[in-house]
Amino acid sequence: MSVISLRDVTKTYPPRSRGAAVTAAVDNVSLDIEAGEIHGIIGYSGAGKSTLVRLINALERPTSGSVTVQDRDLTALPEKALRQERRGIGMIFQQFNLFESKTVWGNIEFPLKAAGVPASEHQRRISELLHFVGLVEQAHAYPEQLSGGQKQRVGIARALATNPSILLADEATSALDPETTRDVLRLLKRVNEDLGVTIVVITHEMEVIRQIAHRVSVMEKGRIVEQGDVFDVFAAPQAAATRQLTVGVVSAPPGEDELVSLRQRHPGRVVSFSFVDGGSAQAQIFVALSEAGLRFELVHGGIDEIRGRTFGTLTLAITGGDASIDSVLAQLADVATITEAH
Ligand code: ADP
């Protein structure tokens with residue numbers, strides 16, 4: 001069941017200067033986010049991610065198309081009703097957006113007050129949230145006394161205070177170092193798994209998607225250029241933008257130029273084997289080559305694991321008789337996708 005559904009959504013802004021073209025920040029996007037999933041939205045700066053977020057939390061109305069959140073068509077609602085809808089959506093931000101003059105406790109209490117939760121319930125709820133995010137001891141600290149990771153934990157506790165069923169994380173780890181990022185992403189995973197909150201993660205970092213998302217939508221120039229299960233998108237990225245974004249995050253098979261350059265630097269035939277879910281693929285490749293009496297050297301490669309499934313590429317320089325090599329490659333055609341440098 002979708003909790004967020006966009007149908008043919010376009011958002012254009014008036015040109016910034018006279019005579020300039022009208023920009024479609026979001027261009028004819030349709031997107032369904034299922035209840036309970038962690039959905040990543042990735043793209044370079046200017047791709048339209050923030051605009052998409054503002055459409056989902058109804059800070060912007062689409063120029064055309066419809067945005068439905070939890071079965072309510074936001075495009076049809078008046079402003080007052082929209083404010084109510086927004087309470088069902090928690091938000092966390094890159095710069096945390098905490099009140100510097102309030103303690104951790106005060107920051108988390110703020111949305112409870114705004115939502116009219118009786119004061120008698122605040123203590124229990126805030127203390128529950130502080131336990132959940134691991135900040136019991138910092139309850140009376142001010143934001144300036146906290147590390148970046150701790151600030152984002154406060155942000156998460158505050159966003160969860162009124163029990164939203166959706167959490168939008170807008171570049172929520174972009175200001176954090178890799179280790180703190182991992183901690184915060186682990187906490188978001190618990191928010192998803194233990195509390196059943198649907199999470200939309202907006203990021204320009206594919207590593208964040210790799211660590212946390214179930215599905216991903218890749219945006220470029222206002223459009224979704226690729227979408228799918230995170231494993232499938234990483235194992236076989238289709239769009240050029242996706243391939244660029246995965247560079248350095250997972251090991252990609254060498255491109256044609258790289259294969260040719262490897263062939264110039266190594267003796268014999270340079271052959272690349274790519275496999276998915278290939279627990280035994282590596283072993284089968286090595287055994288087949290050895291049994292045929294061929295010599296080989298690993299010249300490029302890597303194996304990655306995403307959500308418990310593996311994929312990888314091994315590029316080998318193989319020496320021996322051409323006929324034996326051809327026969328082994330034919331034998332391995334079911335095990336891996338084979339590309340050879342010519
Ligand atoms: P991202 O979050 O992926 O960096 P944005 O949604 O911020 O992308 O921007 C998408 C495009 O829309 C950009 O070209 C940006 O310049 C333009 N844009 C965003 N907001 C406005 C605005 N308020 N007025 C005019 N153009 C805008």
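The following exchange concerns the domains, the ligand site and the salt bridges of a predicted model.

Biologist: How far apart do the C-alpha centres of domain 1 and domain 2 lie?

Modeller: The domain assignment of the protein places domain 1 at 2-246 and domain 2 at 256-340. Taking the C-alpha centres of these two domains, the separation is 41 Å.

Biologist: Which three residues supply the most of the area that domain 1 buries against domain 2?

Modeller: Nine residues of domain 1 are in contact with eight residues of domain 2. The area buried between the two domains is about 720 Å², with 67% of it given by carbon and sulfur atoms. On the side of domain 1, 67% of the buried area is supplied by three residues, more than by any other three: R210, F231 and A235.

Biologist: Which residue forms a salt bridge with D229?

Modeller: Side chains of opposite charge can pair when their charged atoms come close. Across the interface of domain 1 and domain 2, one salt bridge is found. The closest N and O atoms of the pair are 3.6 Å apart, within the 4 Å limit of the rule. The partner of D229 is R307.

Biologist: Which helix gives the most to the side of domain 1 that touches domain 2?

Modeller: Besides the salt bridge, two residue pairs are in polar contact across this interface. The side of domain 1 that touches domain 2 has five nonpolar, one polar and three charged residues. Five residues of that side come from one helix, residues 230-235, which is α8.

Biologist: At what distance from an oxygen atom of the ligand does a polar side-chain atom of T51 lie?

Modeller: The residues around the ligand include Y13, R16, Y44, G48, K49, S50, T51 and R54. For G48, a backbone N or O atom lies 2.9 Å from a ligand oxygen. For K49, a side-chain N or O atom is 2.9 Å from an oxygen atom of the ligand. For T51, the distance from its polar side-chain atom to a ligand oxygen is 2.6 Å.

Biologist: How many residues apart are R7 and D32?

Modeller: A search of the whole structure finds 17 salt bridges. In one of them the side chains of R7 and D32 meet, with an N to O distance of 2.6 Å. R7 belongs to strand β1 (residues 2-13) and D32 to strand β2 (residues 23-34), so that the pair links distant parts of the chain. Their separation is 25 residues.

How values were computed:
Residues are numbered from 1 along each chain as its sequence is written. This is a predicted model: local features need pLDDT of at least 70, side-chain atom pairs count only at pLDDT 80 or more; totals for chains, interfaces and linings use all residues. Side-chain values use heavy atoms; hydrogens and water are left out. Domain bounds come from an automatic or database domain assignment. Contact means heavy atoms within 4.5 Å. Buried area is the accessible area (1.4 Å probe) that two parts lose on being put together, summed over both. A polar contact is a pair of N or O atoms within 3.5 Å; within protein, one must be able to donate a hydrogen and the other to accept it, and residues adjacent in sequence count only if both atoms are side-chain atoms. Helices (H or I, at least four residues) and strands (E, at least two) are DSSP runs, numbered from the N terminus. Ala, Val, Leu, Ile, Met, Phe, Trp, Tyr, Cys and Pro count as nonpolar, Asp, Glu, Lys and Arg as charged, and the others, Gly among them, as polar. A residue is near a molecule or strand if one of its heavy atoms lies within 4 Å of it.
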